[in-house]
Amino acid sequence: IVGGEVIDPVSEPWIAALVLTESGASSSTLCGSSYIGSAGGYQYILTAAHCIPDGSFSARAVFLSNDLNSASDSDQYSLTQGVGVRTHPDFTTASDNSLQNDLALIWFEDSNSKLSSAQVTLASSDFPRLSNGANVTVSGYGALEYGGPNDDLQLRQADLNIVGTSKCAQNYNGVFSIDADVQVCAAAPGEDSCQGDSGGPLMYTDTAGPIQIGLVSFGYECAVQGYPGVYTRLSSFENWINSTVLDTSGASS
Ligand code: 4AZ
């Protein structure tokens, strides 16, 4: 997160730092994710498709960590027995490197009693398109600047404003293609999501409480004036998420 402030992870207990390790690799990659609930005894985590390694991998989802450099938080817990992954079947990287349908589900067999109250509310398919300027937030453990070292590893949050998709598409004209149906853009001067935040939640708070409306997908570097962060628009994927959970949890025929 560029230009945000450190927050208490208890305020967003659905956020998990996702540590992904490809088989045989000595290093791991970091992404953001959110806990969307349980089904069939599995715990489902939503992240970005571009976070998922091509080959086999192991995943660890770390909740309630103030600082991933230290394992000493009393509340911190992890899910470690990843059993399954499904990336959206239409996930693509276009020739201009823009990403489409950038979402994936990972599910875990193990559990933790704290999860029972940690589930995020996802925007449903009838969730409206927020107008230009609406207040949203993004949080993550990622880099504080583009190309910078990812060694802060504290949970930070940036306060952003929705950039209407026609304006966002204009901003990115000739750079990235933006599709209003499946993407939502957000920006604020000096604030943005960045490397290592991918997959993490973009939140909007309405009268009913916080709702996850997007997940970190891509952008031109980070916090560059005129180049908003681009997020997967979750209201467009309610059906895919629900049917994938049913299909993979053994709950549907
Ligand atoms: C990245 O490279 C990345 N400003 C993530 C988010 C954004 C840009 C780049 C959005 O993972």
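**Asking how we know: a predicted chain and its sheet**

The chain averages a pLDDT of 96, and 99% of the residues score at least 70; pLDDT is the predictor's confidence in each residue, from 0 to 100. This is a predicted model, where local features need pLDDT of at least 70, side-chain atom pairs count only at pLDDT 80 or more, and totals for chains, interfaces and linings use all residues. Residues are numbered from 1 along each chain as its sequence is written.

Me: What makes the chain "as compact as a globular protein of that length"?

Reply: Start with the yardstick: the globule rule is 2.2 Å times the number of residues to the power 0.38, and the radius of gyration is taken over C-alpha atoms. The chain has two helices and 16 strands. For 253 residues the rule gives 18 Å, and the chain's radius of gyration is 17 Å, close to that, so the description fits.

Me: How do you know that β2 and β3 pair?

Reply: Strands are DSSP runs of E with at least two residues, helices are runs of H or I with at least four, and both are numbered from the N terminus. Two strands pair if DSSP finds at least two bridges between them. Strand β2 (residues 15-22) and strand β3 (residues 29-39) have six bridges, in the antiparallel sense, so they pass that test. Ala 17 stands opposite Gly 32 in β3.

Me: And what about β3 and β4?

Reply: β3 pairs with strand β4 (residues 42-47) over five bridges, again antiparallel. Ser 34 has Leu 46 in β4 as its bridge partner. The two strands form a hairpin with two residues between them, and Gly 40 in the turn has a positive phi of about 60°.

Me: Why do β6 and β7 count as edge strands?

Reply: The open sheet of seven strands runs in the order β6-β5-β2-β3-β4-β10-β7, with antiparallel pairing. β6 (77-79) and β7 (82-87) each have a single partner strand, so one side of each is left without a neighbour in the sheet. For β7, the pairing with strand β10 (residues 104-108) is antiparallel over five bridges, and Thr 87 stands opposite Ala 104 in β10.

Me: What makes the ligand's shell a mix of classes?

Reply: Ala, Val, Leu, Ile, Met, Phe, Trp, Tyr, Cys and Pro count as nonpolar, Asp, Glu, Lys and Arg as charged, and the others, Gly among them, as polar. The residues around the ligand (C-beta atom, placed from the backbone, within 6 Å of it) include Asp 192, Ser 193 and Val 216. By class, the shell has four nonpolar, five polar and two charged residues.
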